[in-house]
Amino acid sequence: MFNKYGAFFIHYNETQRMLLFCAGEPRQYDPNFKGPIHDRGCTDIVCCILFVIALLGYFAVGVLSWSQGDPRKVIYPTDSRGQFCGHKGTPLEGKPMLFYFNIMKCASPLVLLEFQCPTTQICVEKCPDRFMTLITAHAKTTDFEYYKTFCQKGHVTEILRDGLCPAMLMPSKPFAERCFPALGLSGGVITVGNNSQFDEGDGKIREAKDLLDGVKNATVVIKARHVVMKVFEDYTQSWYWILLGLFIAMVLSLVFIVLLRFLAVVMVWVMIILVIAVIGYGIFHCYMEYDSLATVPGADVTLEELGFQTDFTVYLEVRQTWLAFMIILAVVEVIIIFLLIFLRKRILIAIALIKEASRAIGHIMCSLLYPLFTFVLLAVVICYFVVVAVFLSTSNVAVYKVFNDTECEHSRKTCEPASVMKAECSDSECLFAFYGGEDWYHKYLIALQFYNVFLFFWCANFVIALGQMTLAGAFASYYWAFVKPRDVPTFPIFASLGRALRYHAGTLAFGSLILSIIQIIRVLLEYLDHKLKGVENKFAKFFMTCLKCCFWCLEKCVKFLNRNAYIMVTIYGKNFCTAAKDAFFLLLRNVVRVAVLDKVTDFLLFLGKLLISWIGVLAFFFFSGRVEAFVKAAPTLNYYWVPVVTLVIGAYLIAHGFFSVYSMCVDTLFLCFLEDLERNDGSEERPYLMPERGENEDEKQLFGKEPISKQDTYLMQVH
């Protein structure tokens with residue numbers, strides 16, 4: 001049997017029937033179904049209880065970290081006993097500089113993790129300016145008096161006996177209130193104090209280059225602290241301009257969405273043209289900057305030779321930077337243009353879907369304000385996570401232990417620097433051992449940090465899931481209303497939020513838990529990948545790359561499945577697993593529509609977010625002083641990229657917040673539309689709940705009285 005569509009039509013329907021066999025039976029007509037059901041019960045209670053217990057534990061970790069940590073250690077120089085150097089009103093007021101007994105121990109990677117170098121540190125008046133060892137200094141009184149200023153105690157017998165002084169001194173220079181070796185370069189050889197070698201204090205001669213790793217790791221932490229302080233200072237100078245820029249981004253987003261409500265077709269095409277034009281201008285500007293630096297001395301240096309610089313403006317003086325920007329923008333421009341060409345027909349249908357979403361949002365305008373609630377909750381979660389992380393990282397203390405050459409019962413036991421059992425152990429010394437602690441809190445500090453990260457992911461995903469379910473419930477109420485907007489419930493957002501928290505908190509916790517486990521595994525894989533950077537095993541690197549790729553894909557799939565599962569939960573009130581299965585099978589039965597229609601709509605909304613975030617371009621010209629008209633108005637900053645980056649990220653997040661309402665509305669209407677096609681046939685007894693025929697062919701194809709295509713009509717008749 002051949003019809004006018006030929007053999008291809010038969011093959012197409014055989015494929016569709018195979019999909020139906022794998023994806024289960026379509027929904028049957030139910031005359032009592034009127035949209036989101038009201039008679040529902042609590043779902044996934046066990047996971048709800050587990051989430052509450054985890055939150056109580058999270059609060060306990062926060063209280064514990066606040067009682068043990070001290071964030072001032074991140075900013076101010078601190079000696080091994082936890083005292084701050086140079087603080088007024090303290091015994092160390094006249095000693096503002098921090099001196100390291102053995103700077104080479106700072107080469108440990110723990111320096112970056114614990115904000116401390118694992119060697120004894122004391123506060124001194126000024127940094128040493130000469131080479132000297134304890135043995136040579138003791139032979140001369142004047143030298144020894146100078147040497148004692150870098151010791152923990154001043155009595156000669158204690159200094160010689162207990163090892164409370166560094167083994168040697170070397171010329172040092174102050175940097176960020178810390179003493180670092182005065183390294184230099186002479187004839188291609190690294191020197192310290194004009195010498196290429198130094199005495200380690202025990203007669204062993206070391207090369208000056210051996211100091212590099214220790215100085216490098218210690219200065220990385222110090223530079224990071226200084227950058228943070230300068231960034232904070234820039235925020236204090238530019239916060240009002242940043243708020244003004246974010247307010248403009250919010251107004252633009254609101255105006256854009258309101259215009260979408262009435263001029264969906266025009267606004268989508270204007271958005272597409274503007275995005276292409278703005279990126280095109282970006283390419284032109286990068287080329288002009290690249291060309292203007294052709295005659296500038298030193299501009300041809302490569303980024304690899306330049307290395308990492310905290311002042312990002314340095315990179316803008318290099319031609320290679322603008323060349324990289326130009327290539328990236330050109331690739332993005334080409335990709336967008338090709339996508340628009342290949343998807344031009346589907347874009348017209350996606351515009352019709354956006355237009356219908358605009359109608360739904362027009363009847364539920366309070367949905368546009370819901371992202372503000374989500375933003376506040378996420379801000380609370382992020383702030384709590386950062387505060388706990390800082391307090392946990394700064395709760396390590398210096399541990400001193402008994403060291404001796406002969407047998408002693410107190411050997412390797414914890415001690416106080418001022419007290420050693422000399423009666424039992426005549427040659428014992430109480431020396432600095434490590435940073436950390438030996439009580440249960442410090443032993444499980446890494447586990448507490450891990451718990452902090454995991455609960456951060458769980459809470460953040462819960463907040464996002466709550467927003468998705470709330471919006472889905474409101475828009476589902478709109479779609480299934482028989483007469484719109486008369487049958488739409490009063491305050492649908494508040495009603496949906498109440499249902500989500502009262503009945504489905506466990507489902508939200510379950511879905512966000514699955515996603516959080518995947519995300520924490522990805523964090524661990526990134527950590528392991530960082531550890532394996534020095535490993536030459538190509539198979540291990542390949543295997544690690546495959547794992548990272550697989551879990552990235554898995555995270556995207558779970559996010560997509562969770563999102564549609566929440567829509568089914570808010571409609572039918574079922575548990576997470578059942579709703580996820582129903583959503584997956586429904587999408588599988590309509591896989592072609594999902595691939596070519598729903599995702600095209602997401603692409604168009606992404607272009608809208610991209611357009612709003614280009615407010616950062618205006619911020620760049622304002623804060624960088626490249627436009628003379630703005631030079632006097634712009635504040636003086638250490639790093640002008642601080643407000644620029646903040647505005648780009650902030651504008652994108654604001655646009656994402658508002659456009660996420662559209663995205664959730666489109667996804668909900670689309671899923672309800674697929675359900676509607678399966679439940680009803682368009683007759684008077686079983687009418688479609690979708691809107692009436694549109695004003696143009698695209699809307700007729702999307703929301704007509706028949707399914708989207710003749711193939712679908714045939715398929716539904718066969719089934």
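The chain exposes about 37100 Å², of which carbon and sulfur atoms supply 66%. The model is predicted. Of the 719 residues in the chain, 46% are buried. The secondary structure comprises 24 helices and twelve strands. Among contacts between residues at least 6 apart in sequence, 72% join residues at least 24 apart.

Aromatic contacts were examined next. The structure holds 26 aromatic pairs. One of them is formed by Phe 51 and Phe 462, with 4.7 Å centre to centre and 25° between the planes, a stacked arrangement. This pair links distant parts of the chain, since Phe 51 belongs to helix H2 (residues 45–68) and Phe 462 to helix H15 (residues 445–479), 411 residues apart. Both Phe 51 and Phe 462 are buried. In the pair of Phe 256 and Phe 659, the ring centres are 5.7 Å apart and the planes stand at 50°, so this pair is tilted. Phe 256 and Phe 659 also link distant parts of the chain: Phe 256 lies in helix H8 (residues 212–262) and Phe 659 in helix H22 (residues 641–679), with their positions 403 residues apart in sequence. Phe 256 has a relative accessible area of 8% and is therefore buried. Phe 659, at 1% relative accessibility, likewise counts as buried. The cut-off applied to both residues is 20% relative accessible area, under which a residue is buried. A further group of rings, made up of Tyr 58, Phe 59, Trp 66, Tyr 384 and Tyr 451, forms one aromatic cluster.

Charged side chains are also placed over aromatic rings. Arg 130 lies over the face of Tyr 146, at 3.8 Å from the ring centre. Lys 574 is positioned over the face of Tyr 572, where the distance to the ring centre is 5.7 Å.

Arg 130 takes part in a salt bridge as well. Its partner is Asp 129, and the closest N and O atoms of Arg 130 and Asp 129 are 2.9 Å apart. Arg 130 has a relative accessible area of 33% and is therefore partly exposed. The value for Asp 129 is 46%, so Asp 129 is also partly exposed.

In total, nine salt bridges are counted in the model. Another of these joins Lys 148 to Glu 145, with 3.2 Å between the closest N and O atoms. Lys 148 and Glu 145 are three residues apart in helix H6 (residues 141–148), so about one helical turn separates them. The burial of the two partners was assessed separately. Lys 148 counts as buried because its relative accessibility is 17%, whereas Glu 145, at 44%, counts as partly exposed.

A salt bridge between helices is found for Arg 563 and Asp 667, whose side chains meet at 2.5 Å, N to O. Arg 563 is located in helix H18 (residues 538–572) and Asp 667 in helix H22, so the pair ties together parts that are 104 residues apart in sequence. Arg 563 has a relative accessibility of 17% and therefore counts as buried. Asp 667 is buried too, because its relative accessibility is 5%. Helix H22 thus holds Asp 667 of this salt bridge and Phe 659 of the tilted aromatic pair. Elsewhere, Arg 522, Glu 555 and Lys 559 are linked in a network of salt bridges.

Among the strands, S5 (residues 172–175) and S6 pair in the antiparallel sense over four bridges. Pro 174 has Cys 179 in S6 as its bridge partner. S5 and S6 form a hairpin with two residues between the strands, and in this hairpin Ala 176 takes a positive phi near 55°. Strand S6 (residues 178–181) is covered on both faces. On one side are Arg 178 and Phe 180, on the other Cys 179 and Pro 181, and all of these residues are buried. Cys 179 is accordingly both a buried residue of S6 and the bridge partner of Pro 174.

Notes. Residues numbered from 1 in each chain as written. Predicted model: local features only at pLDDT ≥ 70, side-chain atom pairs only at ≥ 80, totals over all residues. Heavy atoms only, no water. Buried < 20%, exposed > 50% of the residue type's maximum accessible area, 1.4 Å probe, protein only. Contact = heavy atoms within 4.5 Å. Areas by Shrake-Rupley, 256 points an atom, 1.4 Å probe, with all protein chains shown as cover. Phe/Tyr/Trp six-rings, centres within 6.5 Å; stacked < 30°, edge-to-face > 60°. Lys NZ or Arg CZ within 6 Å of the ring centre and 35° of its normal. Pairing = 2+ DSSP bridges. Salt bridge = Lys/Arg side-chain N within 4 Å of Asp/Glu carboxyl O.
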